[in-house]
Amino acid sequence: MRLHGIHTLEAANRFLQEHDVAAFNRRFQLAAAPRGRAFMACPRRNLDLIFSLPFQRTVNRDNTVSWPNLVLQIEQTRWRATLAGCNVTLPQHLDGTLRLTYGPHRLGQFTAQGVPIVRTKTPARKAVEKTAAAPPWKTLRVSHAL
């Protein structure tokens, strides 16, 4: 600014607006990126689980889990008689609901007041009737005479 004879603040601001900004833009300006969306699809499907607060709890002897001012009952599972003593994960979702999981297994879902949320079950597969005759060795009857 000294080379241009500028000695006051007003003259410096005027010089910067008229000359220096244009020269700066010519020197450092880049072309914009191609048009399009900057967002990508999320590969994970369960965003509710991602945006939750996970808590660890140990299952009580009566197959319940303690939560502040609540006791959550775990329903019976087909793959284990009891979960007493197991460490389970209790994610709290943004809407206040709670999900109870043990590894990949989902043990239940509860409202913020501790009321179980019942999932709709998928309809069971219909039994397929076998039409082929049984092999002769399966229909062989042995009688024991005394």
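This report describes the fold, strand pairing, nonpolar core and one surface patch of a predicted protein model.

**Overall fold**

The protein chain contains three helices and six strands. Along the sequence, these elements follow the order α-α-β-β-β-β-β-β-α. Of the 146 residues in the protein chain, 21% are buried. The accessible surface of the chain amounts to about 13500 Å², and carbon and sulfur atoms account for 55% of that area. When contacts between residues at least 6 apart in sequence are considered, 39% of them link residues at least 24 apart.

**Strand 5 and its two partners**

Strand 5 spans residues 98-102 and is mostly covered, with four of its five residues buried. This strand pairs with strand 4 on one hand and with strand 6 on the other; both pairings are antiparallel. The table sets out the two pairings.

| Strand pair | Bridges | Residues between the strands | Glycine with positive phi |
|---|---|---|---|
| Strand 4 and strand 5 | two bridges | four residues | glycine 96, about 95° |
| Strand 5 and strand 6 | five bridges | two residues | glycine 103, near 65° |

Each pair forms a hairpin. In the hairpin of strand 4 and strand 5, glycine 96 lies in the turn. Across this pair, glutamine 92 stands opposite leucine 98 of strand 5.

Strand 6 covers residues 105-110. Its histidine 105 is the bridge partner of tyrosine 102, and its arginine 106 is the bridge partner of threonine 101.

**Threonine 101**

Is threonine 101, a residue of strand 5, buried or exposed? Threonine 101 counts as buried because its relative accessibility is 15%, below the 20% limit for that class. Apart from neighbours within four places in sequence, threonine 101 contacts Val88, Thr89, Arg106 and Leu107. Arg106 therefore appears both among these contacts and as the bridge partner of threonine 101 in strand 6, a pairing that rests on the DSSP bridges between the strands.

**The nonpolar core**

Which residues touch the most other members of the largest nonpolar core? They are Leu72, Ile74 and Leu100, within a core of 14 residues. Several strands contribute to this core: strand 2 (64-67), strand 3 (70-73), strand 4 (87-93), strand 5 and strand 6 each provide at least two residues.

Leucine 72 illustrates how far along the sequence its contacts are drawn from. Setting aside neighbours within four places in sequence, leucine 72 is in contact with Asn63, Thr64, Val65, Trp67, Leu90, Leu98, Phe110 and Gly114. Among these contacts, Leu98 is the residue that glutamine 92 faces in the pairing with strand 5.

**A nonpolar patch on the surface**

The surface also carries a nonpolar patch, formed by Leu47, Ile50, Phe51 and Leu94. Together, these residues have about 430 Å² of accessible area. Leucine 47 is located in helix 2, which comprises residues 47-50. Leucine 47 counts as partly exposed because its relative accessibility is 38%, a value between the 20% and 50% limits.

Terms used. Residues are numbered from 1 along each chain as its sequence is written. This is a predicted model: local features need pLDDT of at least 70, side-chain atom pairs count only at pLDDT 80 or more; totals for chains, interfaces and linings use all residues. Side-chain values use heavy atoms; hydrogens and water are left out. Patches are made of residues with over 30% relative accessible area and no salt bridge: like charges are joined within 9 Å, nonpolar side chains (Val, Leu, Ile, Met, Phe, Trp, Tyr) within 5 Å. Accessible areas come from the Shrake-Rupley method with a 1.4 Å probe; for residues, only the protein chains shown count as cover. A salt bridge is a side-chain nitrogen of Lys or Arg within 4 Å of a carboxyl oxygen of Asp or Glu. Buried means under 20% relative accessible area, exposed over 50%, partly exposed in between (1.4 Å probe, protein chains only). A nonpolar core is a set of buried Ala, Val, Leu, Ile, Met, Phe, Trp, Tyr and Cys residues joined through side-chain atoms within 4.5 Å. Contact means heavy atoms within 4.5 Å.
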